[in-house]
Amino acid sequence: MPAALLITGTVGAGKTSVADAAGDLLAAAGIPHAVIDLDWLRRSWPAPADDPFNLELTLRNLRDVARNHLEAGARRLVLAGVVESRDERRRHQEAVGVNLTVCRLRVPIPVVRQRLARRHEGDEAGLRWHLDRSGALDDILVAARVEDVVVDAGERSVTSAAAAVMRAVGWC
């Protein structure tokens with residue numbers, strides 16, 4: 001039966017990298033799958049004033065992309081993105097149309113800040129925004145408890161974190 005996994009966490013937690021590595025693990029196991037970065041499904045400008053993170057566009061695109069991948073034979077969907085509330089989780093579940101498990105990557109904020117500094121080298125405005133958002137978003141995610149499992153990913157390699165996520169959700 002097809003299933004979906006959404007890897008969430010604060011900015012700089014490694015969601016996209018871990019999702020990519022999870023896809024590699026699924027491929028090595030011979031499991032048909034797709035990896036979907038939700039940031040790319042929402043990436044347009046300008047966002048509506050009442051939807052600054054383009055959630056509505058993300059969900060519309062996710063509905064179509066997930067359906068296309070499932071119709072093409074994917075048995076697992078690995079999503080990377082931020083889900084800040086139970087309502088958003090429910091809406092993502094509806095969009096993918098299959099059982100959705102959510103894993104939150106837990107990364108200490110000092111580690112997140114180091115990662116963001118590397119990622120945004122030469123982009124002071126982007127770095128400031130992401131540094132400000134990282135702690136606030138982490139607090140939102142901890143309070144929202146949208147996840148089924150939490151994996152500590154701060155000191156692990158990307159491959160090790162992906163393997164831990166796969167074990168935590170019972171996909172390996």
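This report describes salt bridges in a predicted model, together with one annotated domain.

## Overview of the salt bridges

The count for the predicted model comes to 10 salt bridges. Three of the pairs are described below: Arg42 with Asp39, Arg67 with Glu71, and Arg89 with Asp148.

## Arg42 and Asp39 in helix α2

Arg42 is joined to Asp39 by a salt bridge in which the closest N and O atoms are 3.4 Å apart. Both residues belong to helix α2, which covers residues 38–42, and their separation of 3 residues amounts to about one turn of the helix.

The two partners fall into separate accessibility classes. Arg42 has a relative accessibility of 15% and therefore counts as buried, since the limit for that class is under 20%. Asp39, at 44%, counts as partly exposed.

## Arg67 and Glu71 in helix α3

A salt bridge also connects the side chains of Arg67 and Glu71, with an N to O distance of 3.8 Å; this value lies within the 4 Å cut-off. The pair sits in helix α3 (residues 55–71), where the two positions are 4 residues apart, about one turn of the helix.

Relative accessibility is 38% for Arg67, so this residue counts as partly exposed. Glu71 reaches 62% and counts as exposed, because that class begins over 50%. The pair is also part of a wider arrangement: Asp64, Arg67 and Glu71 are linked in a network of salt bridges.

## Arg89 and Asp148 across the sequence

The side chains of Arg89 and Asp148 form a salt bridge with an N to O distance of 2.9 Å. Arg89 is located in helix α4 (residues 86–96), whereas Asp148 is in the loop between α6 (124–144) and β5 (149–152), so this contact ties together parts that are 59 residues apart in sequence.

With a relative accessibility of 13%, Arg89 counts as buried. Its partner Asp148 has 43% and counts as partly exposed.

## Annotated domain

The unreviewed UniProt entry places the feature "domain: APS kinase" at residues 3–115. Over residues 3–115, the chain is 48% helix and 21% strand. The C-alpha atoms at the two ends of this segment are 30 Å apart.

## Summary of the pairs

Within helix α2, Arg42 and Asp39 are 3 residues apart, and within helix α3, Arg67 and Glu71 are 4 residues apart. The bridge between Arg89 and Asp148 instead ties together helix α4 and the loop between α6 and β5.

Note on methods:
Residues numbered from 1 in each chain as written. Predicted model: local features only at pLDDT ≥ 70, side-chain atom pairs only at ≥ 80, totals over all residues. Heavy atoms only, no water. Buried < 20%, exposed > 50% of the residue type's maximum accessible area, 1.4 Å probe, protein only. UniProt positions renumbered as here; feature names shortened; annotations may be inferred.
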